[in-house]
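Here is a short note to read beside the structure. Please keep the 3D view open and find each residue as it comes up.

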Amino acid sequence: MTFERERQQMIADIESGVAFTRTMTGRNRLDPRVMEAMQRVPREDFVPENLRASAFRDGALPVGHGQTISQPYIVALMTDLLELRDTSIVLEIGTGTGYQAAILSQLARQVYSIERIPELARSAQQRLSEMSCDNVEIQCSDGYLGWPEKAPFDGIVVTAAAPEVPPALLEQLKPGGRIVIPIGLPYSHQELMLVTRDPQGNTDTRKILDVAFVPMIEGA
């Protein structure tokens with residue numbers, strides 16, 4: 001199956017989501033490069049076989065190990081908020097099945113992704129390699145610590161909710177860089193936050209909208 005009709009509906013649903021939340025996000029439209037990446041990357045290959053028919057619905061789906069793949073609109077929005085260039089170096093916390101990393105790989109020069117569950121890290125790396133996403137490197141470790149050997153980063157995206165922005169991630173962000181992260185308690189009120197750092201190193205944090213993510217767990 002090509003899922004072409006479902007893919008086009010996903011794009012339409014993302015555009016509807018953008019229109020519905022524009023007063024909260026300040027975005028009337030997403031970067032065309034982001035939308036092209038969302039259309040190009042085969043989302044159906046990043047969900048369990050028995051859920052492929054549901055891959056394009058605008059909702060999160062379980063992927064095993066208590067983890068989920070985020071809804072397409074949220075993936076697109078978080079990617080857009082990073083404002084990546086083709087020279088950008090990006091860190092992702094929470095690889096999951098590798099879908100967000102695959103989207104980022106279309107927009108950045110290099111993507112580093114951290115996953116704490118070994119089985120997910122291995123399968124995501126294999127999947128991305130088979131798709132020739134050669135600019136993605138995955139490490140199985142504690143996302144709270146970031147990846148200091150590869151820092152600093154132009155953008156950092158976190159796909160699990162933390163009670164606060166981990167200090168290590170702030171330290172590893174370049175001046176002019178951006179962090180997109182859900183903040184809040186597990187299975188409680190959470191807010192998607194955008195953290196920016198100006199050229200002088202000062203940070204600013206802005207709420208984007210309410211969200212629901214699995215919790216970010218400290219420790220490898």
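1. Start with the cavity. This is a predicted model, and its largest cavity has a volume of about 410 Å³. How many cavities of 30 Å³ or more does a search of the whole structure find? The search finds one.

2. Look at what surrounds that space. The lining of the largest cavity has 31 residues. Five of them lie nearest its centre: Gln67, Gly94, Thr95, Glu115 and Thr159. Sorted by character, the lining has 15 nonpolar, 12 polar and four charged residues.

3. Now ask which elements build the lining. Strand 2 (67-69), helix 4 (72-82), strand 3 (89-93) and helix 5 (99-105) each give at least two residues. Which of the elements gives the most to the lining of the largest cavity? Strand 2 does, with three residues.

4. Helix 4 deserves a second look. Is this helix mostly covered or mostly open? Helix 4 is mostly covered, with 11 of its 11 residues buried. Among the buried residues are Pro72, Tyr73, Ile74 and Val75. The buried set also includes Thr79 and Asp80. Just after helix 4 comes Glu83. The phi of Glu83 is positive, near 50°.

5. Turn to the cysteines. How many disulfides does a search of the whole structure find? It finds zero. A disulfide is a covalent bond between the sulfur atoms of two cysteines. To count here, the two sulfur atoms must be within 2.5 Å. The cysteine sulfur closest to that of Cys133 is in Cys140, 20 Å away, so the distance is too far for a bond. Seen from Cys140, the closest cysteine sulfur is in Cys133, and again 20 Å is too far.

6. Compare the surroundings of these two cysteines. Cys133 is buried, with a relative accessible area of 9%. Cys140 is partly exposed, at 40%.

7. Finish with a hairpin. Strand 8 (residues 190-197) pairs with strand 9 (residues 203-211). In which sense do strand 8 and strand 9 pair, and over how many bridges? They run in the antiparallel sense, over eight bridges. To see one facing pair, find Val195, which stands opposite Thr205 in strand 9. Five residues lie between the two strands of the hairpin. In the turn, Gly201 has a positive phi of about 95°. When you follow a strand, remember a general rule. In a regular strand, side chains alternate between the two faces of the sheet.

Definitions and conventions: Residues are numbered from 1 along each chain as its sequence is written. This is a predicted model: local features need pLDDT of at least 70, side-chain atom pairs count only at pLDDT 80 or more; totals for chains, interfaces and linings use all residues. Side-chain values use heavy atoms; hydrogens and water are left out. Buried means under 20% relative accessible area, exposed over 50%, partly exposed in between (1.4 Å probe, protein chains only). Two strands pair if DSSP finds at least two bridges between them. Helices (H or I, at least four residues) and strands (E, at least two) are DSSP runs, numbered from the N terminus. On a 1 Å grid over the protein atoms alone, a cavity is a set of points where a 1.4 Å probe fits but cannot get out, and a pocket is an open set with protein on both sides within 12 Å along at least five of seven lines; lining residues have an atom within 4 Å of a point. Grid points are joined across faces, edges and corners, and a volume is the space filled by probe spheres set on the points. Ala, Val, Leu, Ile, Met, Phe, Trp, Tyr, Cys and Pro count as nonpolar, Asp, Glu, Lys and Arg as charged, and the others, Gly among them, as polar.
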